[in-house]
Amino acid sequence: MMRTDEPSGLSQPLRPQRDRSAYRNFLKMAVLFSINHGTVAAVLNISVQLLGDAGSYQSGALYITYALTALMFSSALNEALGPRWSLVVAAGLYSLYVLSLPLALMLPPEARGARVALALCGGTVGGFAAGFLWAAQGTYFALSARRHALQMDIEPAEANAELASAFASTFLSLELCLKALPIGLLPLSHKMVHVLGHDVSSSNLLIGALYSLLALSAAAGLTRVSDLSDAAKPEDAEAPRDTAAAAAAAAADDAAAAANRTTTVAVPSRFFSRIGAVCELWARRPVVLLLAPTQAAFGVSAALLGYEVTGKLVKQAFGADAVLAGSLCSALVSAVAALLQPVSRAAAKRVGRPAVLLAALLSFAALAALVLATSDGLAAPAFVTVLPFYLLQGAGRAGYEGINKALYADTFGPTDSPAAFSNIVLANGAASAVAYFTFPSLGRHAMAYAAGTCAAVAIVGYIAAEVAIQRTPGGRANPRVDPA
């Protein structure tokens with residue numbers, strides 16, 4: 001098609017319009033996913049404060065079930081349901097975990113057994129959902145990136161980086177907003193409402209109800225995103241790609257979609273034959289084991305921050321205002337991680353992805369060292385000296401949520417992505433569960449040494465993984481082409 005209406009009278013070729021439907025659909029998924037998960041993260045942050053021991057048991061049950069589901073069932077569930085319905089079902093179950101908070105708050109204090117039982121049920125269901133929710137997100141991410149690469153005529157690695165950055169920014173920003181939501185209800189903090197024969201804080205009950213409503217609405221909204229297993233090929237007639245990279249990407253996309261269509265109607269024997277795919281990946285792609293300590297380091301660092309810093313140091317320093325201070329500081333982690341996403345992406349293009357991810361792991365190590373050095377509580381003024389703990393966790397999380405996820409997408413591709421992302425869930429969930437159950441019996445120095453050791457092992461493991469990937473032919477499913 002030629003363009004002849006230019007003032008100069010010269011004909012110019014009309015540039016084809018790029019189809020960004022895959023990117024827009026991915027952003028829709030990211031927003032809904034982030035709202036659903038953000039409510040869970042917010043409830044996890046306040047459950048111990050509001051439910052006491054029941055909240056602690058709930059968190060422990062969540063992380064244990066989270067790790068077990070990732071190990072045994074996540075790949076099979078994702079292949080049986082397909083990418084979209086895995087997200088819908090997992091998000092719906094996740095919502096039940098959020099709903100268990102206001103329901104438990106309504107139970108009278110003397111019904112302690114019932115409250116613990118309800119909390120355990122909520123944590124178990126939430127952990128089961130988390131175990132395959134993140135694997136579903138990883139599969140949807142990989143298929144969306146392939147499709148976006150075809151539509152925009154870019155390399156798969158570039159599409160992975162673009163979508164990873166967009167997802168991380170959306171995810172962390174919405175988590176920040178949802179964690180800060182209780183602050184807006186402070187005027188109601190001293191008002192009580194009579195429920196089932198006892199008084200309950202109206203603000204606590206309202207925040208639990210709002211989180212539940214948001215979680216359920218987001219889960220319902222996920223039914224409206226594209227089902228990538230139904231149509232692997234994007235409509236890109238205006239800008240066809242005939243390169244070898246495009247052909248390989250299209251073939252991989254077709255194979256992944258065909259696998260999803262096949263397993264959606266698979267017989268039970270086929271379903272159960274996929275259980276253990278996570279372990280099978282250990283033998284076939286052992287590099288996933290070298291990357292596991294990175295996932296564990298994030299979980300242990302988060303547990304150290306939540307238990308020792310927020311649970312003890314902040315409580316000791318701020319007294320009656322500890323809940324407000326803890327909420328603000330927790331939101332600060334999400335804010336820092338979100339703000340650093342574009343910085344991390346730009347730095348990865350300039351100095352390489354390994355340097356950025358290593359800097360994130362060093363942030364976790366620095367947090368452990370800071371806890372180790374703070375033996376007598378926070379120095380005055382506490383509102384200033386507490387900030388470095390959360391800034392370091394935020395900096396580390398920026399690399400974990402963005403660069404780390406893109407690394408998995410590039411290394412394993414759509415075919416192995418369900419099992420690969422399940423390994424992220426397994427390593428992070430198992431490490432978090434161990435930390436939450438053992439930290440109460442450890443001293444501050446022992447906890448800090450444990451977290452620091454995890455970060456050190458993660459650094460060594462990641463360097464070894466990069467070396468192995470570079471030396472193995474075909475070690476990366478989507479070879480990254482760094483800009484000159």
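Reader: Which helix gives the largest share of the lining of the largest pocket?

Author: Helix 11 does, with 11 residues. Keep in mind that this is a predicted model. Other helices that each supply at least two lining residues include helix 1 (21-51), helix 5 (112-152) and helix 15.

Reader: What is the volume of that pocket, and which residues are closest to its centre?

Author: The volume is about 1400 Å³. Of the 50 lining residues, Leu44, Tyr63, Ala302, Gly306 and Tyr436 are the closest to the centre. By class, the lining has 27 nonpolar, 16 polar and seven charged residues.

Reader: Why are helix 11 and helix 15 called roughly antiparallel?

Author: Good one! Helix 11 (residues 287-318) and helix 15 (residues 387-401) pack at an angle of about 155°. Angles over 145 degrees count as roughly antiparallel, and therefore this pair earns the name. Their axes are 11 Å apart, and their crossing is left-handed.

Reader: How do you know that these two helices meet, and which residues are involved?

Author: Contact means heavy atoms within 4.5 Å. On the helix 11 side, the residues that meet helix 15 include Phe298, Ala302, Leu305 and Val309. On the helix 15 side, Phe389, Tyr390 and Arg397 are among them. By class, this contact has nine nonpolar, five polar and two charged residues.

Reader: What makes Tyr390 count as nonpolar and Arg397 as charged?

Author: The sorting goes by residue type: Tyr is listed with the nonpolar residues, and Arg with the charged ones. Both Tyr390 and Arg397 belong to the helix 15 side of the contact.

Note on methods
Residues are numbered from 1 along each chain as its sequence is written. This is a predicted model: local features need pLDDT of at least 70, side-chain atom pairs count only at pLDDT 80 or more; totals for chains, interfaces and linings use all residues. Side-chain values use heavy atoms; hydrogens and water are left out. Axes are lines fitted to C-alpha atoms, for helices over the stretch in contact, and angles run from 0 to 180 degrees between N-to-C directions. Helices (H or I, at least four residues) and strands (E, at least two) are DSSP runs, numbered from the N terminus. Angles under 35 degrees count as roughly parallel, over 145 as roughly antiparallel, 65 to 115 as roughly perpendicular and the rest as oblique. A crossing is left-handed if the near helix is turned anticlockwise from the far one by less than a right angle, and right-handed if clockwise. On a 1 Å grid over the protein atoms alone, a cavity is a set of points where a 1.4 Å probe fits but cannot get out, and a pocket is an open set with protein on both sides within 12 Å along at least five of seven lines; lining residues have an atom within 4 Å of a point. Grid points are joined across faces, edges and corners, and a volume is the space filled by probe spheres set on the points.
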